[in-house]
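Hi,

Here is the structure I promised to pass on. Have a look at it first, and my notes follow below.

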Amino acid sequence: MAFIDNILQTPSYGWQDEKGELIKPTKKQLWSEAFSRINVFKDKRNWISLTSWLMATLMAPFVYLFFVHYFSWPLLAVAIVYTFIMISTHGTIWFHRYCTHKAFKFSHPIFRIITQNLAIKTFPEEIYVISHHVHHVKSDMPGDPYNPKGGLLYCMLSDVNHQSINKELSEADYKRVAFFMQHTGVWINSYKQYQKWGSVASPVYTIGLWFLNWAFWYGTLYLIGGHGLATALFTAAVVWFVGVRAFNYTGHGGGEEKHVHGVDFDRSNLSINQARPGLFAGEWHNNHHLYPGSARAGFLPGQLDLAWIYIYSLYKIGAVSSYHDSKKDFIRKYIAAKQEKEMVKTSAATRNELTPTN
Ligand SMILES: [Zn+2]
Ligand SMILES: [Zn+2]
């Protein structure tokens, strides 16, 4: 079995049938898989999946407090901006471009730690990072953890159902998987610890950082704007936590071919450049599939990329030491080459018009 096929824990319903076709589980299968994956009494190695959902569940009291005790329209507006722009852009910068694709390097670990904690923590890095490598290799094919052809619920529950790592990796394979996380600063388990905990990330680190992050953010927001602001932004964080799963579905056309001529140049998968995630969070997803390692994904005029603005600003002040930027390559391959072809076509047509025929 190829390494990439072995990284993730296969769901009980499997990825594909004997013919290699995607297995589409029923809603009931998906929910029962989800609850078995967070059951730490059955297997304590499920702790990391449970942590992911526990983070969201523990935000529920903030949601209640915000809507029942502290609600105001200005705070709701702040929460909306936080959900759609701030925490979304942070997700692109931290989880996507840095942790997964190593698109840039920090000049000192302190800038990495600041960037990591610039938003309220909603899930452990490992859940996103390792499975996302599989997503790039197997986009829209069986084995893709958020295969849009599996349906919306298949994607919505993917963090627990399809994104945790295989719990039976050999030592050599575990080391390769752990390597995906090495630059992130996350404390990494030894093989022996992995056999006990089933994860790359150390539980002490994961839980400890979560606690510190929440304490810092609640405290800071409280000092700025009282319980109202703090509960509003924790509410915004949980809305993002749920909503980002829907992006995995819509960002690949909901399983259908929705490419637009002149906008989506990568036709090897179903990814599309969508205006909202693009303009608000720099997630020009079709561009990103063409150049996954690029710290910039907004290539065309009008494709604002806030994540890139953050990375480039950090570069300018010396906090980022290097980055990959594939814009020039994109323009040369997809825009300039196309324009050249069109010019050749036009001049050939003009020549034909000028050539007298008898
Ligand atoms: Zn994708
Ligand atoms: Zn990616």
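To start with the metals: how are the donor residues of the zinc ion (ligand 1) spaced in sequence? They follow H-x116-H-x32-H-x3-H.

Before the rest, some housekeeping. This is a predicted model, in which local features need pLDDT of at least 70 and side-chain atom pairs count only at pLDDT 80 or more, while totals for chains, interfaces and linings use all residues. Residues are numbered from 1 along each chain as its sequence is written, chains are lettered from A and ligands numbered from 1 in the order in which they are written, and side-chain values use heavy atoms, with hydrogens and water left out.

**The two zinc ions**

Back to the zinc ion (ligand 1). Its protein donors are H135, H252, H285 and H289, each through NE2, and they lie 2.0 to 2.1 Å from the ion. A donor here is an N, O or S atom within 2.8 Å of the metal (3.2 Å for Na, K and Ca), and water is not among the atoms, so sites may look incomplete. The angles among the four donor atoms run from 100 to 141 degrees, and the site is irregular. For that label, four donors count as tetrahedral if all angles lie between 85 and 135 degrees; four count as square planar and six as octahedral if opposite donors are over 155 degrees apart and all others between 65 and 115; anything else is irregular.

Two of these donors, H252 and H289, link distant parts of the chain: H252 is in the loop between α12 (203–250) and α13 (275–281), H289 is in helix α14 (residues 285–290), and they are 37 residues apart. The helices (H or I, at least four residues) and strands (E, at least two) are DSSP runs, numbered from the N terminus. H252 and H289 are both buried, where buried means under 20% relative accessible area, exposed over 50% and partly exposed in between (1.4 Å probe, protein chains only).

The zinc ion (ligand 2) has as its protein donors H96, H101, H132, H136 and H288, again through NE2 and at 2.0 to 2.1 Å. Along the chain their spacing is H-x4-H-x30-H-x3-H-x151-H. Here the pair linking distant parts of the chain is H101, in the loop between α5 and β1 (104–106), and H288, in helix α14, 187 residues apart. Both H101 and H288 are buried.

**Helix α5 and what follows**

Helix α5 covers residues 73–100 and bends by about 45 degrees at Y82. The bend is the angle between axes fitted to the seven residues ending at a residue and the seven starting there. At the N-terminal end of α5, S72 acts as a cap, with a side-chain oxygen 3.2 Å from the backbone nitrogen of L75. Such a polar contact is a pair of N or O atoms within 3.5 Å; within protein, one must be able to donate a hydrogen and the other to accept it, and residues adjacent in sequence count only if both atoms are side-chain atoms.

K102 comes just after α5 and has a positive phi of about 45 degrees. This lysine is in the loop between α5 and β1 and is partly exposed, at 33% relative accessible area. D140 also has a positive phi, near 65 degrees. D140 sits in the loop between α7 and α8 (152–156) and counts as buried, at 6%.

**Aromatic rings**

The count comes to 35 aromatic pairs. Rings of Phe, Tyr and Trp (its six-membered ring) pair if their centres lie within 6.5 Å; planes under 30 degrees apart count as stacked, over 60 as edge-to-face and the rest as tilted. One of the pairs is F95 with Y128, which is tilted, with 5.9 Å between centres and 45 degrees between planes. F95 lies in helix α5 and Y128 in helix α7 (residues 125–137), so the pair ties together parts that are 33 residues apart in sequence. F95 and Y128 are both buried. Elsewhere, F62, W210, W214, Y218 and F234 form one aromatic cluster.

**A few loose ends**

There are zero disulfides, a disulfide being a pair of cysteine sulfur atoms within 2.5 Å. Both C99 and C155 are buried, at 0% relative accessibility. S294, in the loop between α14 and α15 (306–316), is buried at 1%, and its side chain reaches the backbone oxygen of R296 at 2.6 Å.

Cheers
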